[in-house]
Amino acid sequence: MTEETSDEEIEVFSTEEGRRRALDQRGVGDPYPNIPPSLLSADDIDHYVRVTGLIAPYHRGGENDRLKKASYEGRIGDVAYKYDENGILVPILTKGKGLTVPANTIVFVETNLEFRLPSYIALRFNMAITHVHRGLLLGTGPLIDPGFWGKLCIPLHNLTNLPYEIPANEGLIWVEFTKTTSNPSTGRNPVVSVAKAGEDPKNPGVWNIAKFIEKAARQYGPPEKSIAIRSSIPLVAAEAAQKAEDAAEEARKAKDDAAKSQVSSDDAKAAAEQVKSRVESYGIIGLLVSIATAFGIFASFYFGVRADLAALSTRIDTAIDASGKGESSDKTAGPRQLTADERLKSDVDNLRRRLDDVVRENDALKAQVQTLTGGKK
């Protein structure tokens with residue numbers, strides 16, 4: 001039974017063996033020149049991987065063989081990162097464990113595969129369709145140029161409102177391989193120069209995905225300017241929640257103000273009714289006082305006129321009694337005094353003026369009473 005038909009998955013070669021095979025093939029021509037430039041099928045992928053070590057580790061066999069008809073399965077690697085709420089890049093994966101992608105969050109995860117592409121093979125990758133259907137989004141897999149050595153940094157965006165778990169033994173991406181039309185001698189080599197500090201001459205490449213993330217976060221311009229690559233959904237949701245809370249608070253205040261206004265309106269109505277009642281009471285009292293005053297004035301004038309008439313009557317009687325003695329009195333008196341007729345005439349004139357005053361006072365009193373009692377039935 002061959003490894004390709006085995007019921008159990010086996011590791012054809014390890015990461016270290018893949019590195020050794022790739023180093024042996026550096027500067028060597030295409031081992032399969034008869035394979036035409038095109039998207040490689042499963043058989044051709046297998047041939048090139050075994051000779052060039054272009055991916056490692058390499059597994060075959062089992063019910064869920066990682067090699068499909070035109071692609072190979074990649075799984076999560078040993079590290080993953082995300083930016084926290086303070087904008088700091090933090091690790092979120094325990095080596096050998098599954099990956100949990102928090103709800104509405106962008107994370108960056110490496111694959112379990114190391115890539116050491118020969119100068120005539122390029123590759124692309126896309127997310128396993130199962131994850132797409134479950135709401136996980138992958139940044140569109142770009143073309144990985146021939147000659148690239150390193151790890152792939154996969155950005156994942158969980159668009160759901162729940163954490164998303166990816167087991168360590170479940171596929172994350174599918175990688176497809178394309179043979180180019182030639183083994184080019186021109187064009188920039190994507191392999192990081194071995195002359196750079198910290199690079200291993202025996203294993204050149206970019207193996208730390210944090211470098212990819214930091215490069216992506218850096219803005220054009222001074223290196224100190226960088227951004228935290230995070231999903232905007234939680235920020236928008238938090239802002240919307242805050243606006244909703246503010247709106248609810250405004251609504252509560254408006255409701256309280258309306259209740260206070262209603263109480264104030266009721267109090268105002270009660271006060272108005274009280275004032276109206278008092279005004280009406282005061283109007284009745286004023287009317288009674290005015291009527292009493294009018295009766296008082298009438299009584300004063302009435303009894304005053306009666307007294308004047310009584311005095312006048314007495315004078316008339318006195319004048320009649322003294323009418324026969326007027327001539328003799330005139331002869332014996334000193335300075336001239338008014339006669340009884342003249343005094344009577346003077347008294348009558350005074351009485352007439354008093355009566356005229358009574359009429360005027362009566363008219364004024366009537367006008368005042370009408371003003372006080374205006375509109376009342």
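Helices, at least four residues long, and strands, at least two, are here DSSP runs numbered from the N terminus. In this predicted model, helix α2 is followed by G53, whose phi is positive, near 65°. With that naming in hand, the whole chain can be surveyed before its parts are taken up one by one.

The secondary structure of the protein comes to seven helices and 14 strands. Of the 377 residues in the protein, 31% are buried, and the protein exposes about 23,900 Å², of which carbon and sulfur atoms supply 55%. When contacts between residues at least 6 apart in sequence are considered, 75% of them join residues that are at least 24 apart.

Helix α2, which spans residues 42-52, is a useful place to begin, and its buried residues are A42, D44, I45, D46, Y48, V49 and T52. The elements that cover these buried residues include the strands β1 (10-13), β2, β3, β9 (121-127) and β14 (171-179), together with helix α1 (15-25).

Two of those covering strands, β9 and β14, are also partners of each other, for they run antiparallel and are joined by seven bridges. Within this pairing, L123 has F177 in β14 as its bridge partner. Because five of the seven residues of β9 are buried, this strand is largely enclosed by the rest of the structure.

F177 leads on to the nonpolar interior. In soluble globular proteins, nonpolar side chains tend to be buried together. Here the largest nonpolar core has 41 residues, and the members that touch the most others are L99, L156 and F177. Apart from this core lies another, of 10 residues, which has Y83, F108, A210 and I229 among them. Returning to L99, and leaving aside its neighbours within four places in sequence, one finds L99 in contact with I76, A80, I92, L93, V109, L156, Y164, E165 and I166.

Charged side chains form a second theme. Side chains of opposite charge can pair when their charged atoms come close. The structure holds 14 salt bridges, and one of them joins D46 to R60, with the closest N and O atoms 3.3 Å apart. This pair links distant parts of the chain, since D46 belongs to helix α2 and R60 to strand β3, 14 residues apart, and both D46 and R60 are buried. R60 also forms a salt bridge with D65, where the closest N and O atoms are 3.0 Å apart, and in this pair, too, R60 and D65 are both buried.

A salt bridge in another setting is found between R252 and E249, whose closest N and O atoms lie 2.5 Å apart. An α-helix has 3.6 residues a turn, so residues three or four places apart point the same way. R252 and E249 both lie in helix α5 (residues 233-321), three residues apart, or about one turn of the helix. R252 counts as partly exposed because its relative accessibility is 44%, a value between the limits of 20% and 50% that bound this class. E249 is likewise partly exposed, with a relative accessible area of 33%. Elsewhere, salt bridges that share partners join E17, R20, R21 and D24 into one network.

The backbone has some local features that deserve a careful look. Most residues other than glycine have a negative phi, and most peptide bonds are trans. The peptide bond from A56 to P57, however, is cis, with omega near 0°, and P57 is placed in the loop between β2 (55-56) and β3 (58-60). In the loop between β6 (99-101) and β7 (105-111) lies N104, a residue other than glycine whose phi is nevertheless positive, near 50°. N104 counts as buried because its relative accessibility is 18%, and the cut-off for being buried is under 20%.

The last stop is on the surface. There L137, L159 and I233 form a nonpolar patch, and together they have about 240 Å² of accessible area. Of these residues, L137 lies in strand β10 (residues 136-138), and L137 counts as partly exposed because its relative accessibility is 44%.

Note on methods. Residues numbered from 1 in each chain as written. Predicted model: local features only at pLDDT ≥ 70, side-chain atom pairs only at ≥ 80, totals over all residues. Heavy atoms only, no water. Patch = residues over 30% accessible without salt bridge, like charges linked within 9 Å, V, L, I, M, F, W, Y side chains within 5 Å. Areas by Shrake-Rupley, 256 points an atom, 1.4 Å probe, with all protein chains shown as cover. Salt bridge = Lys/Arg side-chain N within 4 Å of Asp/Glu carboxyl O. Buried < 20%, exposed > 50% of the residue type's maximum accessible area, 1.4 Å probe, protein only. Core = buried A, V, L, I, M, F, W, Y, C linked by side-chain atoms within 4.5 Å. Contact = heavy atoms within 4.5 Å. Pairing = 2+ DSSP bridges.
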